[in-house]
Amino acid sequence: MEVVIKRDYDQMSKAAAQLVVDVLNTKPNAVLGMATGSTPLGLYQELVRLHQAGQVDFSRVTTFNLDEYVGLPANHPQSYHYFMDEHFFRHVNIPRHNINIPSGTTSNYPAFCQWYEGRIAECGGIDLQILGIGSDGHIAFNEPGSSLSSRTRLKTLSKQTIDDNARFFERREDVPVYAITMGVGTILDARKLVLVASGKTKAKAIAQAVEGPVTSMVTASALQLHRDATVIVDADAAAGLTMRDYYEFIYAAKPAAPKS
Ligand code: PGA
């Protein structure tokens with residue numbers, strides 16, 4: 001796992017955006033795995049900026065989102081469909097039919113989950129999966145206790161996640177209790193992973209995910225099993241890392257990527 005520590009949120013977002021651009025430079029028709037939440041907002045803003053400046057083209061890109069709340073239609077302001085449209089898709093040139101987001105309103109969840117997995121495979125698998133991390137250590141909605149080989153399915157949100165996400169809803173009771181989410185196994189199948197985290201509230205989860213044991217109690221720790229995972233954090237989120245100097249030493253000694 002590569003750990004990159006940036007001084008603030010802005011630098012973290014730019015470094016993550018650069019990673020996406022690098023993938024698209026090598027493979028313009030890449031399949032990108034998208035994440036929602038406050039953390040990747042800066043990354044999406046940077047990609048939109050680069051796109052508007054003519055520096056990155058998404059016309060051949062396919063996307064798969066990690067998750068969606070059960071019960072929220074695509075036009076609900078708190079749905080992840082709405083979030084993605086608002087913050088990313090309507091500002092870039094990804095063809096509509098290349099955008100895949102789990103349905104929060106299907107009448108048959110098991111069949112939909114199976115279809116979603118099949119669709120990812122049909123598109124050749126995910127080249128780069130973007131991830132955030134919950135304060136309970138989750139990736140996507142893989143709450144503590146999720147199998148590390150789980151696939152797309154329904155999950156019940158943890159109390160911690162409901163509390164964390166209540167800020168987006170009028171009342172805590174409005175936060176959906178279930179979500180449809182890619183599994184940890186689905187995520188680990190992506191060829192490359194990038195996880196972004198910012199702020200003190202993520203320091204403990206990041207320390208557990210990066211330096212703790214691999215455990216289903218902190219599903220982000222499954223990144224340790226992946227051959228090509230990068231964790232990009234700001235200084236606050238890095239606060240609990242004991243090997244911080246070592247990560248900074250490795251990063252400083254890294255040769256610059258050749259320009260394509
Ligand atoms: P956040 O959510 O970016 O809004 O903190 C992260 C997550 O729960 O994955």
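Here is a short tour of the model, one selection at a time.

Keep in mind that this is a predicted model, where local features need pLDDT of at least 70, side-chain atom pairs count only at pLDDT 80 or more, and totals for chains, interfaces and linings use all residues. Residues are numbered from 1 along each chain as its sequence is written, and side-chain values use heavy atoms, with hydrogens and water left out.

**Stop one: the ligand.** Select the ligand and the residues around it (a heavy atom within 4 Å): Gly37, Ser38, Thr39, Gly132, Ile133, Gly134, His138, Arg167 and Lys202. Now look for polar contacts, meaning pairs of N or O atoms within 3.5 Å. A backbone N or O atom of Ser38 sits 2.9 Å from a ligand oxygen. From the side chains, His138 puts a polar atom 2.7 Å from an oxygen of the ligand, and Lys202 has an N or O atom 2.6 Å from one. Taken alone, the ligand exposes 280 Å² (Shrake-Rupley, 1.4 Å probe), and the protein buries 83% of that.

**Stop two: helix H4.** Select residues 109-122 (helices are DSSP runs of H or I, at least four residues; strands are E, at least two). Which residues of H4 are buried (under 20% relative accessible area, 1.4 Å probe, protein chains only)? Tyr109, Phe112, Cys113, Tyr116, Glu117 and Ile120. They cover an arc of only 135° around the axis (taken from the directions to the C-beta atoms), which puts them on the same side of H4. Flip to the other side for Pro110, Gln114, Ala121 and Glu122, which are exposed (over 50%).

Then check the ends. At the N-terminal end, Asn108 caps H4, with a side-chain oxygen 3.1 Å from the backbone nitrogen of Ala111. Just after H4, Gly124 takes a positive phi of about 95°.

Notes
Polar contact = N/O pair within 3.5 Å; in protein donor to acceptor, adjacent residues only side chain to side chain.
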